[in-house]
Amino acid sequence: MSWNTFSQLSSPSVKYGLTPDALTQTASSFESVTYPTSLTYNNHVNITGLLPYTTYYYLPQNSNATTPYSFTTARLAGDSTPFTMGVVVDMGTFGVLGLSDHVGSGAANPLRVNEQTTVTAITQKLNDYEFMVHAGDIAYADYWLKEEIGGYLPNTTTQGPLLYEQILNAFYDEVAPITAAKAYMVNPGNHEANCDNGGTTNKTSGQVYTDSICPMGQTNFTGYINHWRMPSTVSGGLGNMWFSYDYGMVHFVHIDTKTDLGNGLVGPDEGDPEHGGPFGAPNQQINWLKNDLASVNKTVTPWIVVFGHRGWYLSSPKNACTNCQTAFEQLFWQYDVDLYINGHAHFYERTAPIYKGVVDPNGLNNPNATLYITNG
Ligand SMILES: [Fe+2]
């Protein structure tokens, strides 16, 4: 359980139970963390010993929530019941600080009348999926300067760090109906890296902005690291960067395609000043991935699905992460990864099962190669 408060909590606590009027159990921690420029404290409590696929009711203490929320725990590994997950990528914030029905100069594709935002759609479809994956590029808080330069937001240059945090908080509020009810599993994307959106130029004034404008707290995935808690401790992964978990018949793996690729390969934006990390030792992620995939018991979880922000089989070559392919594809083949889902390219595309550019002759009839989906 994670929730934010404006002041630090000495011991974040969650009351929970099997009915909304009997929150008889309490879990607590000492984890109420913040970072420079943050407007809030991120409280995290790990609840253990829950029954599988069971609905619980819960109420964070010292928050403004008064009505218990509910969520359903994960299916046991090996549960053969079909299930549906939701997957979004590159979603961003909607509303006054983000995408809306008007745009500034240099931008395009505003919402048209009666068009629904993605977050509205997935909120309305809450009962149609069991958990949500957001494979990177989460809130787009690093768009604050582009929005301002384009005239979408008023001149707030001197308040840039504040605006960045306000966009983050607007996003977290916006997705709260989802995150309060479902596990929301994340990957690091480039828009989590820092505050300058990979470099921003004011085409009118010619002024070029780089990550030198980013204050401490808005570099190197700091907000992302503080806000979320992924199951890396139990899976031997690292923070919110790489980790795995089982759900029903699937072993799910989340990888970091932005930093820490391993084998001397650097992140896909090498030379870009927004490049962050590394977060682990050399080859830590790739060694972990190999061990994680090798330890899958395919009689329990016969399917392996991997999520990463960036992919490599794309009809738009500029979006392809060739270093990611060099780092990961051979392991996918060796350990029979069924499906890889990425975002970043902002269009939908999928491949046949394919390995090193060659389509698997088995097609969808139990191929050894991995099928790739780029989620729009
Ligand atoms: Fe991206």
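A cavity is a set of grid points where a 1.4 Å probe fits but cannot get out. Keep that in mind while you look at this structure, which is a predicted model.

## Two closed spaces

A search of the whole structure turns up two cavities of 30 Å³ or more. Here they are side by side.

| Cavity | Volume | Nonpolar lining residues | Polar lining residues | Charged lining residues | Top contributor |
|---|---|---|---|---|---|
| Largest cavity | about 90 Å³ | nine | two | one | helix 3, three residues |
| Second largest cavity | about 50 Å³ | three | seven | one | helix 3, four residues |

Let's walk around the largest cavity. Its lining includes Ile138, Ala139, Tyr140 and Ala141, along with Tyr164, Leu168 and Tyr172. His191, Glu192, Gly223, Tyr224 and Trp228 belong to that lining too. Helix 3 (160-174) and helix 5 (222-227) each bring at least two residues to the wall of the largest cavity.

Now for the second largest cavity. Among the residues lining it are Asn4, Tyr35, Ser38, Thr40 and Asn42. Glu165, Leu168, Asn169, Tyr172, Gly223 and His227 line it as well. For this cavity, the elements giving two or more lining residues are helix 3 and helix 5.

## Isoleucine 138 and its surroundings

One residue from the lining of the largest cavity deserves a stop of its own: Ile138. You'll find isoleucine 138 in the loop between strand 9 (132-134) and helix 2. Is isoleucine 138 buried or exposed? Isoleucine 138 has a relative accessible area of 4%, so it counts as buried, given that the cut-off for buried is under 20%.

What does isoleucine 138 touch, if you skip residues up to four places away in sequence? The answer is Met91, Gly92, Phe171, Val186, Asn187, Glu192, Tyr224 and Trp228. Of these, Glu192, Tyr224 and Trp228 also appear in the lining of the largest cavity. There's a long-range link to look at as well: isoleucine 138 and asparagine 190 are 52 residues apart along the chain, and their C-alpha atoms are separated by 9.3 Å.

## Rings and charges

Phe171, one of the contacts of isoleucine 138, leads us to the aromatic residues. The whole structure holds 26 aromatic pairs. In one of them, the rings of phenylalanine 171 and tyrosine 172 have centres 6.2 Å apart and planes at 75°, so that pair is edge-to-face. Why edge-to-face? The angle of 75° is past the cut-off, because planes over 60 degrees apart get that label. Both phenylalanine 171 and tyrosine 172 are buried.

Elsewhere, ring pairs join Phe83, Phe131, Phe243, Tyr245, Tyr247, Phe252 and Phe307 into a cluster.

Rings can also have a charge sitting over them. Arginine 75 places its charged end over the ring of tyrosine 53, at 3.8 Å from the ring's centre. Lysine 182 does this with tyrosine 129, where the charged end lies 5.6 Å from the ring's centre.

## An open space

Next comes a pocket. The second largest pocket has a volume of about 1300 Å³. Its lining takes in 41 residues, and those nearest its centre are Leu99, Val103, Ala107, Ala108 and Tyr143. Strand 8 (86-88), helix 2 (144-149) and strand 11 (200-201) are the elements that give two or more residues to that lining. Which element gives the most to the lining of the second largest pocket? Helix 2 does, with three residues. By class, you get 17 nonpolar, 20 polar and four charged residues in the lining of this pocket.

## Two more loop residues

Finally, here are two residues further along the chain. Tyrosine 335 is in the loop between helix 7 (322-334) and strand 16 (339-342). With a relative accessible area of 18%, tyrosine 335 is buried. Beyond its neighbours within four places in sequence, tyrosine 335 contacts Lys290, Leu293, Ala294, Lys298 and Ile304. Take leucine 293: it lies 42 residues from tyrosine 335 along the chain, yet their C-alpha atoms are separated by 6.1 Å.

Threonine 351 is in a loop too, between strand 17 (349-350) and strand 18 (354-355). Its relative accessible area is 19%, so threonine 351 is buried; the cut-off is under 20%. Apart from neighbours within four places in sequence, threonine 351 is in contact with Tyr313, Thr370, Leu371 and Tyr372.

How values were computed
Residues are numbered from 1 along each chain as its sequence is written. This is a predicted model: local features need pLDDT of at least 70, side-chain atom pairs count only at pLDDT 80 or more; totals for chains, interfaces and linings use all residues. Side-chain values use heavy atoms; hydrogens and water are left out. Buried means under 20% relative accessible area, exposed over 50%, partly exposed in between (1.4 Å probe, protein chains only). Contact means heavy atoms within 4.5 Å. Rings of Phe, Tyr and Trp (its six-membered ring) pair if their centres lie within 6.5 Å; planes under 30 degrees apart count as stacked, over 60 as edge-to-face and the rest as tilted. A charge sits over a ring if NZ of Lys or CZ of Arg is within 6 Å of the ring centre and within 35 degrees of the ring normal. On a 1 Å grid over the protein atoms alone, a cavity is a set of points where a 1.4 Å probe fits but cannot get out, and a pocket is an open set with protein on both sides within 12 Å along at least five of seven lines; lining residues have an atom within 4 Å of a point. Grid points are joined across faces, edges and corners, and a volume is the space filled by probe spheres set on the points. Ala, Val, Leu, Ile, Met, Phe, Trp, Tyr, Cys and Pro count as nonpolar, Asp, Glu, Lys and Arg as charged, and the others, Gly among them, as polar.
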